[in-house]
Amino acid sequence: MLLTNEEQSMLDGEQGKAVRKAMQILATLGKIYGAGRMLPVRSVQIAGVSYDNLGDAGLEWLAEMADGGGRARVMATLNPAGMDIENWQRLGISPEFAERQQRVIDVFARMNVITTCTCTPYLAGNEPALGDTIAWAESSAVCYANSVIGARTNREGGPSALAAAITGRTPEYGMHLDENRQPGVTVEAHAKLPDTADFGALGKVIGERLEVLGRKTIPYITGVDTASMEQLKSFCASIATYGGLAMFHMHGITPEAANVTPPGERISIAQDDVMKARQSLLDASSDEVDFVSLGCPHLSLHEVARVAELLRGKQVTKEFWLTTSRVVKAAADQLGYTEAIEASGAKFAVDTCCVVAPIRGRFTAMATDSAKACYYAYSKNKFKTRLLDFEQVVREAIGD
Ligand code: F3S
């Protein structure tokens, strides 16, 4: 791989141990994937933040990088942590876990990473522009960046994302190359999709259909005339979860979709397919639900405002978590939404989420509007699930 003098000096260890290690990681990745050169990155989003996933070995590795002088050279934020740093007691997190999770956050802070922990960095100030080269790790955010914003990123692992932050580089392969951003199949959606839950269900249908075909190919999706940012983030999370996709083209939405030709091979998705996908994530009865969660991916301010309106003057009867970024929560505080929400007994779980928090064994069934959250609620925590429309989820929490 061709390296600039600056990059070679990083690899030679002239800029410290951590920079050398980071460049070694990226050079190795570049070699494996046949990259010709490194690209400068404008934005990084790092996963592997929850102590639940990292463990002591991961924490030790991060501390070594910080001790070795690793410092972010570009804008870098974090994926959700295993707990709300300020509100962990109220959410039932143990002091032992909290102490270790705090150490993880502190290590990232030492490396000049902005320690806002969110899977919607584009709603929290880490917002790339069309055509930007970035290195993000969270699968739903990667899909959103490539498909909705039109930035370019592979799905980074925790170490490669941190390496990109420390060097300001990423190897040029995969989604950074035009030829790998071309669609391979046209997907015609013939379905009404009024809610975020419907978009999640559509992502499940398309993701699974491509998996069955054994085709990890980029779909060119038609038939979705309009979609809100919230619906798109739900769709991105779902298609990345159920299909392992880092990108799709959606007619009228994806910036690059206007410049590609829809492939001749076609798949058709009917309303019934979307309804069946919803049904498949509805195996818990209302009586069984003992945990309610909205915010996978993290809630936007608009969604927080909707919840505040629905909860005003009401009391929740079930444990209800709203997961969002600290940035959105701060705005909600100022606008009075937090007060209305907390007065109902609902809880903010800020900079964390119902998947990365250590809640296995605490609940048996979860209600949510997120197809992705359903997938992990079952696979990670063995919860039954109840996929509902956004407003129905709030009603589930208040026993309406
Ligand atoms: Fe975000 Fe957690 Fe869902 S990281 S996309 S809220 S699983």
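Modeller: Two strands pair if DSSP finds at least two bridges between them, and strands here are DSSP runs of E with at least two residues, while helices are runs of H or I with at least four, all numbered from the N terminus. This is a predicted model, in which local features need pLDDT of at least 70, side-chain atom pairs count only at pLDDT 80 or more, and totals for chains, interfaces and linings use all residues. Residues are numbered from 1 along each chain as its sequence is written, and side-chain values use heavy atoms, with hydrogens and water left out.

Biologist: What makes strand 11 and strand 12 a pair?

Modeller: Strand 11 (residues 291–299) and strand 12 (residues 319–324) are joined in the parallel sense over five bridges, set against the at least two that pairing requires. They belong to an open sheet of five strands in the order 13-12-11-14-15.

Biologist: Why do strand 13 and strand 15 stand at the edges?

Modeller: Strand 13 (347–350) and strand 15 (384–387) each have a single partner strand, so one side of each is left without a neighbour in the sheet.

Biologist: Why is helix 8 called oblique to helix 13?

Modeller: The axes, lines fitted to C-alpha atoms over the stretch in contact, with angles from 0 to 180 degrees between N-to-C directions, cross at roughly 40 degrees and come within 7 Å for helix 8 (residues 229–243) and helix 13 (residues 371–379). Angles under 35 degrees count as roughly parallel, over 145 as roughly antiparallel, 65 to 115 as roughly perpendicular and the rest as oblique, which makes helix 8 oblique to helix 13.
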